[in-house]
Amino acid sequence: MCKILIVEDEASLAQGLEFNLAEEGYTVAIAKDGKEALELYNENDYDLIILDIMLPYIDGFEIAKSIREKSPLLPILMLTARSGVNDRVRGLELGADDYLSKPFHLEELLARIRNMLKRKQWYREISDEQPVFHFGENEINFADLSAKTPSSDFQLTNREALVMRYLIDHRDAIVSRKELLENVWHVSSEVETRTVDNFIARLRKYFEPDPSQPRFIISVRSAGYMFTVPD
Ligand code: CA
């Protein structure tokens with residue numbers, strides 16, 4: 001049974017969500033402010049967090065940041081005001097996996113939650129099977145998100161790891177930007193395809209000996225990208 005933490009200071013919204021999520025079979029806890037959210041997070045294991053931004057004591061951005069430091073793979077769904085485009089961008093940058101603008105439809109929320117949990121399950125299964133992946137002189141540990149290249153040791157972000165995992169999983173096949181958006185971001189309409197390109201550029205900078213002549217993450221003209229390991 002999946003455990004979900006709702007961080008929301010509007011009591012009626014929090015209770016409505018709790019009721020509906022419990023109906024779906026999830027175990028639910030509510031934190032009514034930022035302090036309580038971090039306390040509950042530190043004492044329990046959750047499978048997913050629904051996180052409002054405007055909260056008493058500690059706001060949703062700060063909470064997302066501290067959760068990300070300890071739990072890079074815990075799915076976070078942010079709730080934002082409809083007009084808050086900057087909030088969405090900032091939320092995604094700080095490590096939220098997805099966002100939903102208030103007011104939202106319950107069905108939409110449930111669909112997002114199902115997708116996020118499915119993706120978490122997918123990631124865990126393949127990462128248990130093969131946690132460490134080598135290509136060229138690079139190494140990625142998908143269990144703790146650490147990476148090694150000839151020039152440095154560093155941590156991948158949650159989303160960087162998911163993009164690499166997805167590409168590696170579809171090795172030698174063309175992966176379109178749309179496919180990456182749908183499967184890694186789960187936000188098809190509002191995030192632009194340029195976001196994917198920026199991510200790929202960053203990953204190439206990490207792993208390609210010469211990022212201007214990629215050997216591993218290859219561009220396929222007007223189709224997308226392909227991960228391959230040359231002989
Ligand atoms: Ca609020």
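## A walk across the domain interface

Across the interface of domain 1 and domain 2, the rule turns up 0 salt bridges. Keep in mind that you are looking at a predicted model.

To see the two halves, colour residues 3-123 as domain 1 and 130-227 as domain 2. Their centres, taken over C-alpha atoms, sit 26 Å apart. Now select the contact itself: 14 residues come from domain 1 and 17 residues from domain 2.

So much for the outline; next, the surface between them. About 1,400 Å² is buried between domain 1 and domain 2, and carbon and sulfur atoms give 52% of that. Show Arg 119, Trp 122 and Tyr 123 as sticks: this trio supplies 44% of the area that domain 1 buries against domain 2, more than any other three residues. For polar contacts, there are 5 residue pairs to look for across the interface of domain 1 and domain 2, both partners at pLDDT 80 or more.

Which elements give two or more residues to the domain 1 side that touches domain 2? Pick out α4 (85-93), β5 (98-102) and α5 (106-129). Of the elements on that side, α5 gives the most, with 5 residues.

Last stop: the sheet. Select β6, β7, β8 and β9, which line up in that order as an open sheet of 4 strands with antiparallel pairing. At the edges are β6 (132-135) and β9 (153-155), each pairing on one side only. Going from one strand to the next, the twist averages 15 degrees. Zoom in on β6 and β7 (residues 138-141): they run antiparallel and are joined by 4 bridges. Click His 134, and you'll find its bridge partner in β7 is Glu 139.

Definitions and conventions:
Residues are numbered from 1 along each chain as its sequence is written. This is a predicted model: local features need pLDDT of at least 70, side-chain atom pairs count only at pLDDT 80 or more; totals for chains, interfaces and linings use all residues. Side-chain values use heavy atoms; hydrogens and water are left out. Two strands pair if DSSP finds at least two bridges between them. Axes are lines fitted to C-alpha atoms, for helices over the stretch in contact, and angles run from 0 to 180 degrees between N-to-C directions. Domain bounds come from an automatic or database domain assignment. Contact means heavy atoms within 4.5 Å. Buried area is the accessible area (1.4 Å probe) that two parts lose on being put together, summed over both. A salt bridge is a side-chain nitrogen of Lys or Arg within 4 Å of a carboxyl oxygen of Asp or Glu. A polar contact is a pair of N or O atoms within 3.5 Å; within protein, one must be able to donate a hydrogen and the other to accept it, and residues adjacent in sequence count only if both atoms are side-chain atoms.
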